[in-house]
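Work through these exercises with the structure open. Try each task before reading its solution.

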Amino acid sequence: MGELTHLDGAGRARMVDVSAKSDTTRIAVAAGELVTTPEVIALVRTDDLPKADVLATARIAGISGAKKTSELIPLCHQLALSSVKVEFGFTDTSITIEATAKTKGPTGVEMEALTAVAVAGLTLHDMVKAVDPAATLDRVRLLTKEGGKRGHWRRDEPTVHPPDPATTSGIRPGSATVLVASTGGARGTRPDTTGPQIADWLGGRGFSVRGPLVYADADIAAGLADALSDGPSLVISTGGTGASPTDATPEATRAVLDRELPGIAEEMRRRGTEVTPHAALSRGVAGLSGRTLVVNLPGSPGGVKDGLAVLGPLLDHLLAQVAGGGAHDE
């Protein structure tokens with residue numbers, strides 16, 4: 001562990017002198033979640049809580065909190081923030097929070113991103129406490145940071161790129177996570193239909209299902225890290241596979257795959273084009289991240305239906321192969 005720079009030679013707290021450091025672009029991404037009840041989630045989605053504009057209020061609070069970080073954390077430097085972005089997503093029992101802070105200067109913006117998440121989460125708590133006073137703000141953490149002499153750091157690398165499967169048993173058999181790439185869904189302005197469709201299908205096949213986790217298209221890489229974080233045997237995503245400039249799911253997925261399974265995606269496109277020629281535009285991929293099977297599906301109910309029809313007959317055999325037993329080699 002490195003030296004604690006916030007202590008002087010006598011062990012007293014100090015503000016670090018960064019005047020000799022060069023200015024670089026600094027970016028930090030932090031996340032957290034407000035764990036609450038399904039009832040509260042439904043009320044927030046429809047903006048029916050006693051205090052209205054829940055997400056908008058929490059977003060503004062998070063941005064304001066980032067700007068006041070040096071006033072709240074005694075040894076933090078005052079920074080000229082060039083950007084603060086706060087985004088929300090939903091699971092069955094939580095509102096996820098992600099904050100991105102940017103600046104150009106001699107020191108990082110990790111604390112600004114973390115403060116944005118914490119203040120946004122506390123504001124969410126204040127907004128929902130009349131319905132659920134037992135809500136908890138959990139897992140406030142730094143996801144990534146860039147800039148300075150240490151370059152790029154990301155929390156999710158050990159999980160997204162797991163160790164040799166022969167030496168790890170971190171995968172949970174029979175577990176699946178559903179991930180939705182939808183900017184409107186993350187903002188609460190567009191209902192999510194495909195995520196529940198996939199979750200119901202998985203539940204019917206006996207899977208223990210986490211999600212749907214809803215992330216904005218621009219944040220889908222963080223969504224994948226979240227989906228993979230607890231070692232599911234299967235991750236199915238929906239959305240973000242088309243040709244729009246914001247569609248980034250295939251690129252984010254390839255970044256976490258150790259091996260692609262191109263035949264699955266090819267067959268999904270072939271099956272889809274029997275219904276509509278637009279299915280050929282899907283760029284979805286499938287493959288293995290460690291021992292987790294990751295499959296991209298389109299963002300339409302019809303595309304999801306066709307994709308699941310392809311995946312269904314393969315799934316048990318494929319997961320048995322990935323687990324290392326019960327199936328012959330192809």
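## Exercise 1: A salt bridge from helix α9

In this predicted model, E251 and R283 form a side-chain salt bridge, with an N to O distance of 2.6 Å.

**Task.** Work out which parts of the chain this pair ties together.

**Solution.**
- Place the residues. E251 belongs to helix α9, and R283 sits in the loop between α10 (262–273) and β10 (286–289).
- Take the spacing. The partners are 32 residues apart in sequence, so the contact ties together separate parts of the chain.
- Check the exposure. E251 is partly exposed, at 42% relative accessible area. R283 is also partly exposed, at 27%.

## Exercise 2: The buried face of α9

**Task.** Find which residues of helix α9 (residues 249–256) are buried, and explain how they are arranged.

**Solution.**
- List them. The buried residues are T249, P250, A252, T253 and V256.
- Look down the axis of α9. These buried residues fall within an arc of 165°, so they line one face of the helix.
- Recall the geometry. An α-helix has 3.6 residues a turn, so residues three or four places apart point the same way.

## Exercise 3: Reading the sheet

**Task.** Give the strand order of the open sheet of 5 strands, and identify its edges.

**Solution.**
- Write the order. It runs β2-β3-β1-β4-β5, and the pairing is antiparallel.
- Locate the edges. β2 (81–90) and β5 (153–154) each have a single partner strand, so one side of each lacks a neighbour in the sheet.
- Inspect one pairing. β2 and β3 (residues 94–105) run antiparallel and are joined by 9 bridges.
- Pick out a facing pair. F88 stands opposite I97 in β3.

## Exercise 4: A link from strand β2

**Task.** The structure has 10 salt bridges. Trace the one between K85 and D219, and compare the burial of its ends.

**Solution.**
- Take the distance. The K85 and D219 side chains meet at 3.8 Å, N to O. The cut-off for a salt bridge is within 4 Å.
- Map the ends. K85 is in strand β2, while D219 is in the loop between β7 (208–215) and α8 (220–228). The two are 134 residues apart, so the pair links distant parts of the chain.
- Compare burial. K85 is partly exposed at 31%. D219 counts as buried at 7% relative accessibility, because the limit for buried is under 20%.

## Exercise 5: A pair and a network

**Task.** Classify the exposure of R270 and E274.

**Solution.**
- Start with the contact. R270 and E274 form a salt bridge, their closest N and O atoms 2.6 Å apart.
- Classify each end. R270 is partly exposed at 39%; E274 is exposed at 55%.
- Add the network. R210, D226 and D230 are joined into one network by salt bridges that share partners.

Note on methods: Residues are numbered from 1 along each chain as its sequence is written. This is a predicted model: local features need pLDDT of at least 70, side-chain atom pairs count only at pLDDT 80 or more; totals for chains, interfaces and linings use all residues. Side-chain values use heavy atoms; hydrogens and water are left out. Buried means under 20% relative accessible area, exposed over 50%, partly exposed in between (1.4 Å probe, protein chains only). Helices (H or I, at least four residues) and strands (E, at least two) are DSSP runs, numbered from the N terminus. The arc is that of the directions from the helix axis to the C-beta atoms. Two strands pair if DSSP finds at least two bridges between them.
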